[in-house]
Amino acid sequence: MSSVPRVTAVLGPTNTGKTHLAIERMLGHQTGMIGFPLRLLARENYDRVAKIKGARRVALITGEEKILPPSPSYFVCTVESMPLDRAVEFLAIDEIQLCGDPERGHVFTDRLLHARGTAETMFLGADTIKPLLKRLVPEAQLVSRPRFSTLTYSGEKKLQRLPPRSAVVAFAVAEVFELAEAIRRRRGGTAVVMGALSPRARNAQVGMFQAGEVDYMVATDAIGMGLNMDLDHVAFAKTMKFDGRAPRRLSAPEIAQIAGRAGRHMSDGTFGVTADEPPLAPELVEAIEEHRFDPLPRLFWRNARLDFSSPAALLKSLDARPRLPGLIATRDADDHAALAALARDAEIAALAPTRDAVRLLWEVCQIPDFRKVMSEQHARLLGQIFRHLRGRAGCLPVDWVASQVTRLDRADGDIDTLMNRIAHIRTWTYISHRPDWLAEAAHWQERARAIEDKLSDALHDRLTQRFVDRHSGILARRRGDHADLLASVDGAGEVVVEGEPIGRLDGFRFTPDGDVPKPVLAAARGALRGEIAARVRRLGAAPDAEFGLAADGTIAWREAAVAYLGVGDDVLTPRVELLQAEHLEGAARESVRRRLADFVRAELQRALAPLFLGSNVADWSGQARAILFRVAEELGVVPSAAIADAAASLPPEERKTMARLGLHFGSRHLYVPALLKPKAQALRALLWSVARGASLPELPKGTAAPRDPAVSEEFYAALGFVLLGERVLRVDRVETLAATLRRLGRQGPFATTPELAKLAGAPPEELPAMLPVLGYRAVADAAGAVTFHARPGQLAKRHRRTLPRPRRAEIAADNPFAKLKELNLKR
């Protein structure tokens with residue numbers, strides 16, 4: 001007869017060795033599984049178990065990471081990801097007191113009530129769950145473990161008086177950053193730990209603290225769980241936090257969980273508050289020091305027997321009430337809220353007519369909201385995913401996934417931007433671990449993981465740059481002797497003082513790395529003056545190939561931005577303005593500006609040569625000069641009516657010369673086809689925006705596009721686009737369209753044809769609003785059929801100025817020539 005499976009609850013404060021005990025017990029069995037509250041903890045303990053038992057025998061399963069060897073004996077998981085359909089001899093749940101958490105408690109309560117090992121089950125957590133655990137799991141043996149070290153309250157301390165190896169705790173991101181800035185100024189630097197950091201970035205910040213690179217840490221309550229550090233003191237700058245609904249004071253167990261990070265193993269720790277926070281009440285201090293807290297009043301629960309017959313039935317089953325005393329139904333869980341939002345969408349509801357479809361909808365709703373934007377934005381993403389999965393292919397389109405993931409593959413931006421991108425890519429990491437949802441799941445897992453790592457490394461760098469003063473050690477090493485600090489600028493532009501990088505020289509602009517002490521900056525200036533003088537000489541002798549003009553008007557030398565285009569005398573002669581550079585002054589500054597102006601002039605004449613044809617006045621007649629002036633002034637596209645007089649009297653040989661040089665005389669516009677190409681078009685757009693001191697609008701894509709209401713007709717015209725109703729069409733296509741209309745119009749009224757719609761770059765129903773601009777009015781008959789009628793004068797091949805025929809003079813009766821009219825002369 002087999003023995004009854006053993007159930008044990010090991011309860012006690014932090015630093016009691018509970019997790020160590022559970023790992024030892026698990027490895028004493030042939031198979032085992034342990035669930036942790038954090039992915040960070042799961043990964044840390046997976047590495048530990050794999051080192052002991054070998055990677056082939058250990059699996060890691062979290063929502064965002066899975067390592068599954070063919071036949072694992074041990075499973076290290078997050079609590080939500082535990083594969084409970086696998087039978088194992090040993091099963092453990094860490095931090096079981098999280099049954100009382102409003103957001104995730106129902107998952108822990110489900111494991112408490114239903115997850116069991118075939119031989120042994122162990123629950124680890126705080127004493128606060130003891131009464132309810134004993135009531136709900138009466139067979140459990142309760143084991144209390146004392147803290148290895150002593151935790152003592154030390155009162156209040158100013159930031160500048162905090163001892164080394166201290167952590168300062170706040171809760172709002174802005175408060176954390178403000179404290180970190182203050183500690184950086186006073187103590188040279190601090191690590192930063194927040195729940196919004198990815199595990200990799202969090203580990204990197206903790207690693208910096210553990211390595212002694214900084215002696216302080218500013219953190220949220222994220223340090224209260226899953227991070228083992230050599231902390232001696234925890235100081236609370238705030239004891240109020242916003243819990244998602246309203247601000248509230250931390251409870252005694254919450255303060256104890258965070259303060260308990262101080263003093264690890266046998267080393268004692270202290271906790272207190274900063275000078276700006278009121279002292280903790282004596283009874284609260286006593287409860288924390290003695291580890292005596294009120295028990296949890298209830299555990300959160302959610303029905304696990306769900307009805308998938310319809311979305312409405314599923315929602316109803318989720319609203320079920322618990323029958324056991326001590327349990328309370330979870331409210332406002334993210335997945336429940338997502339399901340309620342999607343079920344209100346008639347299209348989504350129609351896509352879930354079967355149990356399998358409803359089950360799929362529920363699985364989609366359980367995609368975590370790492371960005372914490374649970375509302376329309378997250379629900380909209382979930383809706384898109386479900387529609388794709390219920391589509392003909394039954395999986396997520398590769399192109400769509402690629403576009404979503406690729407736009408996150410950027411390491412630029414500030415700390416907030418990077419944290420937001422990390423949260424977003426974690427959602428796609430989670431999705432990539434559903435091989436039934438997308439093709440080549442392994443590829444997307446690797447891609448998402450690589451992007452998260454890249455963003456995490458960039459985030460760690462940004463945090464370090466902002467909150468760690470790497471220069472404070474320079475003066476410490478040369479205390480009292482700052483006069484001869486050694487400074488240099490290397491070939492890559494890095495400015496180094498006493499072997500420590502303090503900033504970069506890009507072009508002629510020096511950018512220090514954060515707040516550099518004045519004596520260090522003074523030493524750097526000496527090296528900068530010599531290097532900048534040398535760069536001025538090199539730029540003056542540089543060929544045009546070393547310069548570049550960017551689409552936004554920035555001028556670069558050797559890929560470093562040095563100047564930009566400003567408003568000049570006319571559209572083709574913008575002024576070169578140097579970027580601010582405090583070490584570039586006087587004659588040196590003007591010589592740089594003149595050399596860059598020469599480059600810009602040559603670049604414009606090369607790229608936009610037809611616009612400069614009129615610069616040599618002697619080569620052309622007056623009519624030609626007038627035309628070429630308008631071509632230059634209007635950046636290569638001129639309405640034919642605007643130059644009708646000059647064009648009518650233009651000598652034929654000059655017309656031919658202009659055509660040979662790239663100008664095209666159309667029926668509606670004179671334009672330069674070569675300047676309609678994308679690169680020339682972008683350059684003309686830049687010149688237009690610079691001349692008007694305006695921001696550069698987005699360029700139309702292709703030769704036909706919908707009109708952007710925010711873009712002026714003047715800008716479209718300068719680029720060579722004609723406004724036709726709510727569409728814009730490039731002038732060369734307008735000419736082709738106008739010729740086709742003339743051909744059709746000569747045969748009388750005509751109807752819309754596919755050829756016309758294609759030429760106009762618009763659906764047929766938009767033509768009645770477009771063609772009147774070209775001189776064709778739309779007429780609808782009684783049946784609603786539309787035909788187009790040419791207005792007078794539209795059927796000529798070209799718009800030419802015509803002169804009236806002279807009237808024949810009247811001949812007086814007594815004039816001798818009057819008799820000639822009466823003669824009938826015959827040969």
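## A bridge between two strands

Valine 495 has glycine 503, in strand S21, as its bridge partner. These residues belong to a predicted model, in which local features need pLDDT of at least 70, side-chain atom pairs count only at pLDDT 80 or more, and totals for chains, interfaces and linings use all residues. Residues are numbered from 1 along each chain as its sequence is written, and side-chain values use heavy atoms, with hydrogens and water left out.

## The four-stranded sheet

Strand S20 (residues 494-497) pairs with strand S21 (residues 500-506) in the antiparallel sense over four bridges; pairing requires that DSSP finds at least two bridges between two strands, and the elements are DSSP runs numbered from the N terminus, with helices (H or I) of at least four residues and strands (E) of at least two. Both strands lie in an open sheet of four strands, ordered S19-S20-S21-S22, with antiparallel pairing. Strand S19 (487-489) and strand S22 (509-512) are at the edges with a single partner strand each, so one side of each is left without a neighbour in the sheet.

## Helix H3

Helix H3 (residues 105-114) is mostly covered, with nine of its ten residues buried, where buried means under 20% relative accessible area, exposed over 50% and partly exposed in between (1.4 Å probe, protein chains only). Among the buried residues are Val107, Phe108 and Leu112. The buried residues of H3 pack against elements including strand S6 (90-93), strand S7 (120-125) and helix H4 (130-136), with contact meaning heavy atoms within 4.5 Å.
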